Amino acid sequence: MLVLSRKKDEKIMIGDSITLMVIEIKNDKVRLGIEAPKDVTVHREEVYAAIKEQSAHDSKDFTSH
């Protein structure tokens with residue numbers, strides 16, 4: 001894992017097409033802005049896990065019929 005320190009309004013580049021920007025730092029929360037191509041999906045980890053779980057559940061239901 002790469003660990004970087006950034007201040008407000010500083011950016012991190014991922015490849016040529018994804019930019020992360022620190023928008024705000026307040027108490028124990030950091031707000032990030034993410035610029036990515038439309039074909040790149042971006043989710044919070046818990047949302048991504050729920051989508052994967054639902055997808056696995058749906059495919060299980062589909063194969064059991």
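These legends go with close-up views of a predicted model, taking in a nonpolar surface patch and some of the salt bridges.

**View 1. A nonpolar patch on the surface.** Here's a spot where greasy side chains sit out on the surface: Ile25, Val30, Leu32, Ile34, Val40 and Val42 together make a nonpolar patch of about 500 Å². The biggest contributor is strand β3, residues 29-35, which puts in three residues. Leu32, one of the patch residues, lies in that strand β3.

**View 2. Arg6 meets Glu10.** This view zooms in on one of the four salt bridges in the structure. The side chains of Arg6 and Glu10 come together with 3.6 Å from N to O. How exposed are the two partners? Arg6 is partly exposed at 37% relative accessible area, and Glu10 is partly exposed too, at 27%.

**View 3. Lys8 and Asp9 pair up.** Next up is a salt bridge between Lys8 and Asp9, where the closest N and O atoms are 4.0 Å apart. Asp9 has a relative accessibility of 46%, so it counts as partly exposed rather than exposed, a label that takes over 50%.

**View 4. Arg31 reaches Glu24.** In this last close-up, Arg31 forms a salt bridge with Glu24, and their closest N and O atoms are 3.6 Å apart. Which label fits Arg31, buried or exposed? With 52% relative accessibility, Arg31 counts as exposed, while Glu24 is partly exposed at 28%. As a general point, side chains of opposite charge can pair when their charged atoms come close.

Definitions and conventions. Residues are numbered from 1 along each chain as its sequence is written. This is a predicted model: local features need pLDDT of at least 70, side-chain atom pairs count only at pLDDT 80 or more; totals for chains, interfaces and linings use all residues. Side-chain values use heavy atoms; hydrogens and water are left out. Patches are made of residues with over 30% relative accessible area and no salt bridge: like charges are joined within 9 Å, nonpolar side chains (Val, Leu, Ile, Met, Phe, Trp, Tyr) within 5 Å. Accessible areas come from the Shrake-Rupley method with a 1.4 Å probe; for residues, only the protein chains shown count as cover. Helices (H or I, at least four residues) and strands (E, at least two) are DSSP runs, numbered from the N terminus. Buried means under 20% relative accessible area, exposed over 50%, partly exposed in between (1.4 Å probe, protein chains only).
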